[in-house]
Amino acid sequence: MPRANPGARKRRILCQLGGSGAALRPVARSGLPDAPACAAPWLRHPRLPGSTGSATRAADMNDIESWRSSGEFLAWRDHRVFVRARGEGPPLLLIHGFPTASYDWHAVEPALARQNRVIAFDLLGFGWSDKPAGHDYRIAGQADLAEAVLAHFGIREASVLAHDY
């Protein structure tokens, strides 16, 4: 009897949100089993940023650059951390998984920002945040970073939406 693929469950990303009638649904498939369109762009397009490719890949690169240019960098423990905030309402902190970046949230962030102050950031060592060699990348340090990001915006409490693969 064949074994179930235990990794398939981890590849799923919840894109459907309940509450107040706002539902987000993937509009296309990424080509991976059970992976919706809001999966990380590098799962849909194997080329790295800066490479040449189809018009779709070029459009993706424009989206990525737009995401970056609408964010900012804050200093944390002598490192630069990329952060982006949008919307008004109760604070919602978006935490990306390993080994991705805040851009994972690009497909759902606009809908979330209609009712929330949405804050997405790149964990240290990921995305546009610094990647210090020899740094001890423990989860406790990343949690400290998340608290510092909230403090940067004057937020003491927030809901958290996180994912991992």
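**Questions about a predicted model**

Biologist: Is Asp-78 buried or exposed, and what is its relative accessible area?
Modeller: In this predicted model, the place to look is the loop between S1 and S2, where Asp-78 sits. Exposed means over 50% relative accessible area. Asp-78 passes that mark and is therefore exposed, with a relative accessible area of 77%.

Biologist: Thanks! Which value does phi of Asp-78 take?
Modeller: Asp-78 is a residue other than glycine, yet its phi is positive. The value of phi for Asp-78 is near 65°.

Biologist: And which residue in the turn of the S1 and S2 hairpin has a positive phi of about 50°?
Modeller: The hairpin made by S1 and S2 has two residues between its strands. The residue you want is in the loop between S1 and S2, and is exposed, with a relative accessible area of 52%. Although not a glycine, the residue with a positive phi of about 50° is Arg-77.

Biologist: How many bridges join S1 to S2?
Modeller: S1 covers residues 72–76 and S2 covers residues 79–86, and the two run antiparallel. Within this pair, Trp-76 stands opposite His-79, and Phe-73 faces Phe-82. The number of bridges joining S1 to S2 is five.

Biologist: How many bridges does S2 form with S4?
Modeller: S2 also pairs with S4 in the antiparallel sense. One position to check on screen is Arg-86, which stands opposite Val-118 in S4. The number of bridges between S2 and S4 is four.

Biologist: Why is S2 described as largely enclosed, and how many of its eight residues are buried?
Modeller: Buried means under 20% relative accessible area. Most of S2 meets this, so the rest of the structure largely encloses the strand. Of the eight residues of S2, the number buried is six.

Biologist: Stepping back, what pattern does the protein follow along the sequence?
Modeller: The protein has five helices and five strands. Of its 165 residues, 37% are buried, and among contacts with a separation of 6 or more, 64% join residues 24 or more positions apart. Along the sequence, the pattern reads α-α-α-β-β-β-α-β-α-β.

Biologist: Which element gives the largest share of the largest nonpolar core?
Modeller: In soluble globular proteins, nonpolar side chains tend to be buried together. Here the largest nonpolar core has 17 residues, and Leu-93, Ile-119, Phe-121, Leu-145 and Val-149 touch the most other members. S1, S2, S3, S4 and H5 each give two or more residues to this core. The largest share, four residues, comes from H5.

Biologist: How many residues are in the other core, the one with Trp-67, Phe-82, Leu-92 and Val-108?
Modeller: That core lies apart from the 17-residue one. Trp-67, Phe-82, Leu-92 and Val-108 are among its members. Its number of residues is 12.

Biologist: Is Phe-121 buried or exposed, and what is its relative accessible area?
Modeller: Phe-121 lies in strand S4. Beyond its neighbours within four places in sequence, Phe-121 contacts residues including Val-81, Leu-94, Ser-102 and Ala-146. Buried means under 20%. Phe-121 is therefore buried, with a relative accessible area of 1%.

Biologist: How far apart in space are Phe-121 and Tyr-103, C-alpha to C-alpha?
Modeller: In sequence, these two are 18 residues apart. In space, the C-alpha to C-alpha distance between Phe-121 and Tyr-103 is 8.7 Å.

Biologist: Which residue is in contact with Leu-74, Val-83, Leu-93, Ile-119 and Phe-121?
Modeller: These five contacts leave aside the neighbours within four places in sequence. The residue in contact with them is Val-149.

Biologist: Which residue does a cis peptide bond join to Phe-98?
Modeller: Look in the loop between S3 and helix H4 (109–112), where the partner is found. Omega of this bond is about 0°. The residue joined to Phe-98 by the cis bond is Pro-99.

Biologist: Finally, what is the volume of the largest pocket?
Modeller: Of the 18 residues lining this pocket, the closest to its centre are Ile-95, Leu-123, Ile-139, Gln-142 and Ala-143. The lining divides into 11 nonpolar, four polar and three charged residues. H5 supplies the largest share of the lining, six residues. The volume of the largest pocket is about 320 Å³.

Technical notes. Residues are numbered from 1 along each chain as its sequence is written. This is a predicted model: local features need pLDDT of at least 70, side-chain atom pairs count only at pLDDT 80 or more; totals for chains, interfaces and linings use all residues. Side-chain values use heavy atoms; hydrogens and water are left out. On a 1 Å grid over the protein atoms alone, a cavity is a set of points where a 1.4 Å probe fits but cannot get out, and a pocket is an open set with protein on both sides within 12 Å along at least five of seven lines; lining residues have an atom within 4 Å of a point. Grid points are joined across faces, edges and corners, and a volume is the space filled by probe spheres set on the points. Ala, Val, Leu, Ile, Met, Phe, Trp, Tyr, Cys and Pro count as nonpolar, Asp, Glu, Lys and Arg as charged, and the others, Gly among them, as polar. Two strands pair if DSSP finds at least two bridges between them. A nonpolar core is a set of buried Ala, Val, Leu, Ile, Met, Phe, Trp, Tyr and Cys residues joined through side-chain atoms within 4.5 Å. Buried means under 20% relative accessible area, exposed over 50%, partly exposed in between (1.4 Å probe, protein chains only). Contact means heavy atoms within 4.5 Å.
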